[in-house]
Amino acid sequence: MLRALLLDRFKLTIHRQMREMRVYVLVADKGGPKLEKSDVSEKDCSESATDGQIPCHQVWGSPGRGLRARGVTMADLVSYLENWTDQPLLDRTGISGLVKIDTQPFLPTELALAPVAQETNGGELNPADPPTLFQVFERLGLKMKVQKDSVETYVIDSVEKPTDN
């Protein structure tokens, strides 16, 4: 419906294109992942909690609140976390199946990479500050690396002023 609306009202035309760009790649750390296996299996899951079954493939939370999930795949987690990264995030962990996630609050990557305005303890960061997303992944036995990779992007071919209602 949204595509039809954009095409009709804005005469928007786009195409997909693979581009090489800087990305974050999530991989298993040297010591291996420290993820807790979910206590539910795929057959017990539901896309929503309205039918009385256990919702899976859903992550709750945000940088300031931490993340919670009862049964998610790595693809689910990466897709959700990409909202708080300043570059695309790709799953290269090789981890399959459902896992349980419970993290503490963290800084979004754009804040974590910015210069720190206030420093304490002779140049060291305040221990009360939340960890970065990089550190949250390290605690889970994962590593977020920066590298170049091919990513599917959308290219706008043409767009016009919207038509009158």
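**Chatting through a predicted fold**

Colleague: Of the contacts between residues at least 6 apart in sequence, what share joins residues at least 24 apart?
Modeller: In this chain, 75% of them do. Keep in mind that the model is predicted.

Colleague: How many helices and strands does the chain have?
Modeller: Four helices and nine strands.

Colleague: And what pattern do they follow along the sequence?
Modeller: Reading along, you get α-β-β-β-β-β-β-α-β-β-α-α-β. So far we have only listed the elements. The pairings come next.

Colleague: Hold on, what percentage of the chain is buried?
Modeller: The chain has 165 residues, and 33% of them count as buried.

Colleague: What about the surface, how much is accessible?
Modeller: About 10,800 Å² for the chain. Carbon and sulfur atoms account for 52% of that.

Colleague: Back to the strands. Is β6 mostly covered or mostly open?
Modeller: Mostly covered. Strand β6 runs over residues 66–72, and five of its seven residues are buried.

Colleague: Which strands does β6 pair with?
Modeller: Strand β5, residues 60–62, pairs with β6 in the antiparallel sense over three bridges. Strand β8, residues 99–102, also pairs with β6, again antiparallel and over three bridges.

Colleague: How many residues sit between β5 and β6?
Modeller: Three, and the two strands form a hairpin.

Colleague: Give me residues to look for. Which one is the bridge partner of W60?
Modeller: R68, in β6. For the β8 pairing, find A69, which stands opposite I101 in β8.

Colleague: Now helix α2. Which residues are buried there?
Modeller: Helix α2 covers residues 74–81, and M74, D76, L77, V78 and L81 are buried in it. A general point helps when you look at such a list. An α-helix has 3.6 residues a turn, so residues three or four places apart point the same way.

Colleague: What do the buried residues of α2 pack against?
Modeller: Several elements. They pack against strands β1 (13–28), β6, β7 (89–91), β8 and β9 (142–158), plus helix α4 (133–139). That brings β6 back in: it pairs with β8, and α2 packs against both.

Colleague: Different topic. Which residues make the nonpolar surface patch?
Modeller: I14, Y154, I156 and V159. The patch is about 420 Å².

Colleague: Where is I14 placed?
Modeller: In strand β1.

Colleague: Why can I14 count toward a patch?
Modeller: Because I14 is partly exposed, with a relative accessible area of 43%, and patch residues need over 30%.

Conventions:
Residues are numbered from 1 along each chain as its sequence is written. This is a predicted model: local features need pLDDT of at least 70, side-chain atom pairs count only at pLDDT 80 or more; totals for chains, interfaces and linings use all residues. Side-chain values use heavy atoms; hydrogens and water are left out. Buried means under 20% relative accessible area, exposed over 50%, partly exposed in between (1.4 Å probe, protein chains only). Contact means heavy atoms within 4.5 Å. Accessible areas come from the Shrake-Rupley method with a 1.4 Å probe; for residues, only the protein chains shown count as cover. Two strands pair if DSSP finds at least two bridges between them. Patches are made of residues with over 30% relative accessible area and no salt bridge: like charges are joined within 9 Å, nonpolar side chains (Val, Leu, Ile, Met, Phe, Trp, Tyr) within 5 Å. A salt bridge is a side-chain nitrogen of Lys or Arg within 4 Å of a carboxyl oxygen of Asp or Glu.
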